Amino acid sequence: MLIIPIYGQKKLSDNKQAIIKSIEKHQKALIDISDQIWALAETAFEENQSSKLLADYAEKQGFTVARGVAGMPTAFVATYGSGKPVISVLGEFDALPGISQKAQPTKSPLNEGAGGHGCGHNLFGAGSLGAAIAVKELIESGKIKGTIKFFGTPSEEKYFGKIWMVREGLWNDVDANISWHPSASTKADVQSSLALVDFKVEFFGQAAHASADPWNGRSASDALELYTTGINYYREHVKPTVRMHYHIQDGGQVVNVVPDYSRLWMRVRDTKRSGMMPVYERVQKMAEGAAIMANVDYKISLISGIYEVLVNREGGKLMQNNLELLGPITYTDEEIAFGKKIQEVTKKEQVGMDSAINPLEETKEHPGGGSTDVGDVSWNVPNINLGVTTAPKDTPWHSWAVVACGGMSIGHKGMLYASKAMAMTMTDLYENPEALEKVKAEYKERKGDEVYEAIVPDGPPPIPSNTKK
């Protein structure tokens, strides 16, 4: 049985009490949706059933749902209400390939070789929908006025689906956006992320017999190796904030043929887009150099790229206040033991769960960590971020251990907590125009004169042909 967290000692307003009651009323359905998405574990742009589960439930609750938006079959927008302010909330639901796992604290695939929710997106989508429903019910009852939008956003892990939704102008009428992410701690997130550019490098040579007449061959594999060697030497000469990593997708097929084709998937990151772009330009030139040395042709294809998150501390203060109102999540002895077992198996200190509500952090100029297409949303509308505990402290992310927690009560508790914190923060924005104006003013100040330019190739999103309807 799910145990509801004990709330903080401060008095909740009537509207915030109504939010908590709403989410607790819907919690069984939200957990069921999350668990179904967890078991489906559909990967980038293939989240057909996962998307439908969320969109169908939103529609059942009275939202108007536009499906297949921005050229993506699994992207949708659920809307309720009318007029200003317009507040939106993000929901992700794609899994990662190859990390299927049962809801147990030792490694054991649910479906061998299948995907798994190693970033907790099954919780992300369902939790955000719960927040949207709670706000919708306040609008419906006349307690607040405005519009609530739930954005179903596919393919965050691979192609960054939000970029095409931004390009489509789907946030043009939105006053502020709320987002959360599963985590190993609970906090109002006032840290940025890393900007990223994702591209493919291909080399084209001439095949030949590797022993009888190798002089007649021009090796695409040689070019690939020269290129990766150049990248690895270049690491010494970039700033500490830069990250470069690659995956060799095709280095040749057999040993006795000089390969006429090779392909590499490459990423460059930095804490700022302005720092990332010069590195991206340099590594493109290095591909040309490798091709010249191997006497082959080459091609670079942009896949996509994303901005760093534009932090909003005014929004973070509102979120922090609501975390303190809610207080920390509490866990049963069984849940703590589950967490400690995961820490034991992954060779971490066995300290259990961390859901403490700490003071609002200072924003770092150069944070570490990963990248997210929430960054592109944040450069187009003020964005308020939240992280909520859904796995034990120090759990390796993008791993089976996160998948395990996302399919049981530790993940469920974090998801419902996030629903409440986000809906309460959105209510602050509806009730308090001055607070919303402060959030918007900070956004304008931080963005400054920067003109947003989506880092995507021309044309539609790269939907795999087997997923097109």
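Start by selecting Gly289, which sits in helix α6, residues 273-294. The model on screen is a predicted one. Is Gly289 buried, partly exposed or exposed? With a relative accessibility of 27%, Gly289 is partly exposed, because the partly exposed class runs from 20% to 50%. Keep Gly289 selected and add Gly230. These two glycines are 59 residues apart along the chain, and their C-alpha atoms are 9.3 Å apart.

**The whole chain**

Zoom out and colour by secondary structure. The protein chain has 12 helices and 13 strands. Its radius of gyration is 23 Å, close to the 23 Å that the globule rule gives for 469 residues, so the chain is as compact as a globular protein of that length. Along the principal axes, the C-alpha atoms fill a box of roughly 80 × 50 × 45 Å.

Now show the surface. About 19,600 Å² of the protein chain is exposed, and 49% of that comes from carbon and sulfur atoms. Of the 469 residues, 58% count as buried. Colour the charged residues next: there are 50 positive and 57 negative charges, and the mean positions of the two sets lie 3 Å apart.

Contacts across the sequence are worth a look too. Among contacts between residues at least 6 apart in sequence, 82% join residues at least 24 apart.

**The nonpolar cores**

Hide the surface and go inside. In soluble globular proteins, nonpolar side chains tend to be buried together. Which residues of the largest nonpolar core touch the most other members? Select Trp171, Phe203, Tyr227, Met244 and Val283: they hold that place in a core of 131 residues. Then select helix α11, residues 409-431, which gives the most to this core, with 12 residues. Apart from this core lies another, of five residues, including Trp38, Ile99, Cys119 and Val403.

Return to Trp171 and show what surrounds it. Beyond its neighbours within four places in sequence, Trp171 is in contact with Ser88, Leu90, Phe151, Lys162, Met165, Val166, Asn177, Val377 and Val381.

**A lysine in helix α3**

Select Lys136, in helix α3, residues 121-140. Is Lys136 buried or exposed? Lys136 is buried, because its relative accessible area is 6% and the buried class is under 20%. Setting aside neighbours within four places in sequence, Lys136 is in contact with Gln61, Gly62, Phe63, Tyr80 and Ile148. Add Ala423 to the selection. Lys136 and Ala423 are 287 residues apart in sequence, while their C-alpha atoms are 9.7 Å apart in space.

**Backbone details in the loops**

Most residues other than glycine have a negative phi, and most peptide bonds are trans. The next three stops depart from that pattern.

- Select Ala70, in the loop between β1 (64-67) and β2. Its phi is near 55°, a positive value in a residue other than glycine. Ala70 is buried, with a relative accessible area of 11%.
- Select Phe160, in the loop between β4 (147-153) and α4 (162-167). Phi of Phe160 is also positive, near 70°. Phe160 is buried as well, with a relative accessible area of 2%.
- Select Pro85, in the loop between β2 (76-81) and β3 (86-92). What is the peptide bond from Lys84 to Pro85, cis or trans? The bond is cis, with omega near -5°.

Key: Residues numbered from 1 in each chain as written. Heavy atoms only, no water. Helix = DSSP H or I, 4+ residues; strand = E, 2+ residues; numbered from the N terminus. Rg over C-alpha atoms; globule rule 2.2 N^0.38 Å. Buried < 20%, exposed > 50% of the residue type's maximum accessible area, 1.4 Å probe, protein only. Contact = heavy atoms within 4.5 Å. Areas by Shrake-Rupley, 256 points an atom, 1.4 Å probe, with all protein chains shown as cover. Lys, Arg positive; Asp, Glu negative; His and termini not counted. Charge placed at Lys NZ, Arg CZ, Asp CG, Glu CD. Core = buried A, V, L, I, M, F, W, Y, C linked by side-chain atoms within 4.5 Å.
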